[in-house]
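Visitor: I'd like to learn how to read the empty spaces and a couple of acidic residues in a model like this one. Can you walk me through it?

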Amino acid sequence: MSQGQGVNLSYEDGARAVELARESVESYVEHGQREQPGSMRESFYERTGAFVRLESTRGRGSLRGCAGGYRSGEQLGHVIVDAAIEAASEDSCGSEISPSELPNLTVSVCVVRNVILTDDPLADLELGTHGVAIDGGEGGWLYPTVPVEHGWSAREYLDRTCRKAKLAPNSWQDDDVVVTLFEGQVFREREADGSIEEL
C-alpha cells in the first residue's frame with residue numbers, strides 16, 4: 001500500500017470550496033460562463049484532486065450531477081470550478097441542470113487528502129474514510145460518504161464502484177483493474193444554498 005499526501009482544509013476553506021462550486025454551477029447554468037476562482041484562499045493553490053456532487057431536494061431527492069477526479073496537476077480552486085461545471089452539464093447524469101433547478105440543489109465538495117494505491121482493497125478500505133476509484137472499463141469513483149449513507153458493506157461498495165465504471169461487480173478482484181482508495185474531506189450544504197457542514 002503506497003500513499004500520497006494532499007491538502008488539509010480548515011472549515012472556512014471547506015465552506016468557501018462549496019460556495020465556489022455553487023457560484024460555478026450558477027454561472028455556467030445561467031450564463032454559460034466559466035467562473036474564475038478570483039482571489040483564492042491559500043489552500044486553493046495546492047495541487048490536488050476534488051469532486052463535486054449536485055443533489056436535488058425535490059420529492060425524494062436524487063443525484064443530479066457528479067464530476068471530478070482524485071488526481072490533478074491543477075490548483076484546487078480551478079479543479080473545483082471545472083468539476084462543478086462538468087457536474088452541471090449533460091455529460092454527468094444525462095441531462096443538464098436547468099436554471100429552474102438551482103433553488104432546489106444542494107452542493108457538496110470532496111477535496112482529496114490522501115491517495116492510497118492498494119493491492120488488497122477489501123483489507124485496506126475503511127468505510128466512511130475512503131473513497132474508491134476504479135481505473136478500468138470507463139472508470140468510476142464514489143465519495144467516501146456514499147457507503148455510509150446507503151449502509152453498504154466494503155464488498156458492496158467496491159462492487160458498486162465497478163458497476164459505475166461499467167464493469168462486472170467483482171472486477172475489483174481482477175489483476176488488470178486498478179483500485180485506488182482516497183481520503184477526502186467532504187463539505188456540503190445542509191439545504192439548498194444553506195449553511196455548510198463538514199461530514
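Guide: Happy to. Keep in mind that this is a predicted model. Let's begin with the lining of the largest cavity, which by class has 2 nonpolar, 2 polar and 4 charged residues.

Visitor: How does one find a cavity to begin with, and how many cavities of 30 Å³ or more are there here?

Guide: The general idea is that rolling a probe the size of a water molecule over the atoms shows where empty space is left. In this case the count comes to 1 cavity of 30 Å³ or more. The volume of the largest cavity is about 40 Å³.

Visitor: Which residues line the largest cavity?

Guide: Its lining is made up of Arg53, Glu55, Ser108, Thr145, Glu149, Val186, Arg188 and Leu199. At least two lining residues come from strand E2 (50-56), and at least two from strand E7 (178-189).

Visitor: What about pockets? What volume does the second largest pocket have?

Guide: A pocket is an open set of points, whereas the probe cannot get out of a cavity. Here the second largest pocket has a volume of about 280 Å³. It is lined by 13 residues, and those closest to its centre are Arg53, Leu63, Leu142, Val146 and His150. Two or more lining residues are given by each of E2, strand E3 (62-69), strand E6 (140-142), helix H5 (146-150) and helix H6 (154-164). H5 has the largest share, with 3 residues. By class, this pocket's lining splits into 7 nonpolar, 1 polar and 5 charged residues.

Visitor: On to the acids. Where does Glu183 lie, and which side chain of opposite charge is nearest to Glu183?

Guide: Glu183 lies in strand E7. The nearest side chain of opposite charge is Arg113, 4.4 Å away. A salt bridge has to be within 4 Å, and Glu183, though buried, has none. Leaving out residues up to four places away in sequence, Glu183 touches Val111, Val112, Arg113, Asn114, Ile116, Thr129 and His130.

Visitor: And why does Glu35 count as partly exposed?

Guide: Buried means under 20% relative accessible area and exposed means over 50%. Glu35 counts as partly exposed because its relative accessibility is 23%. You'll find Glu35 in the loop between helix H1 (11-31) and E2.

Visitor: Which residues does Glu35 touch?

Guide: Again skipping residues up to four places away in sequence, Glu35 touches Leu20, Glu23, Ser24, Ser27 and Val81. Take Leu20: Glu35 and Leu20 are 15 residues apart in sequence, with their C-alpha atoms 8.5 Å apart in space.

Notes: Residues numbered from 1 in each chain as written. Predicted model: local features only at pLDDT ≥ 70, side-chain atom pairs only at ≥ 80, totals over all residues. Heavy atoms only, no water. 1 Å grid on protein atoms, 1.4 Å probe; cavity = no way out; pocket = protein on both sides within 12 Å on 5 of 7 lines; lining within 4 Å. Points joined across faces, edges and corners; volume = space filled by probe spheres on them. Helix = DSSP H or I, 4+ residues; strand = E, 2+ residues; numbered from the N terminus. Nonpolar A, V, L, I, M, F, W, Y, C, P; charged D, E, K, R; others polar. Buried < 20%, exposed > 50% of the residue type's maximum accessible area, 1.4 Å probe, protein only. Lys, Arg positive; Asp, Glu negative; His and termini not counted. Contact = heavy atoms within 4.5 Å.
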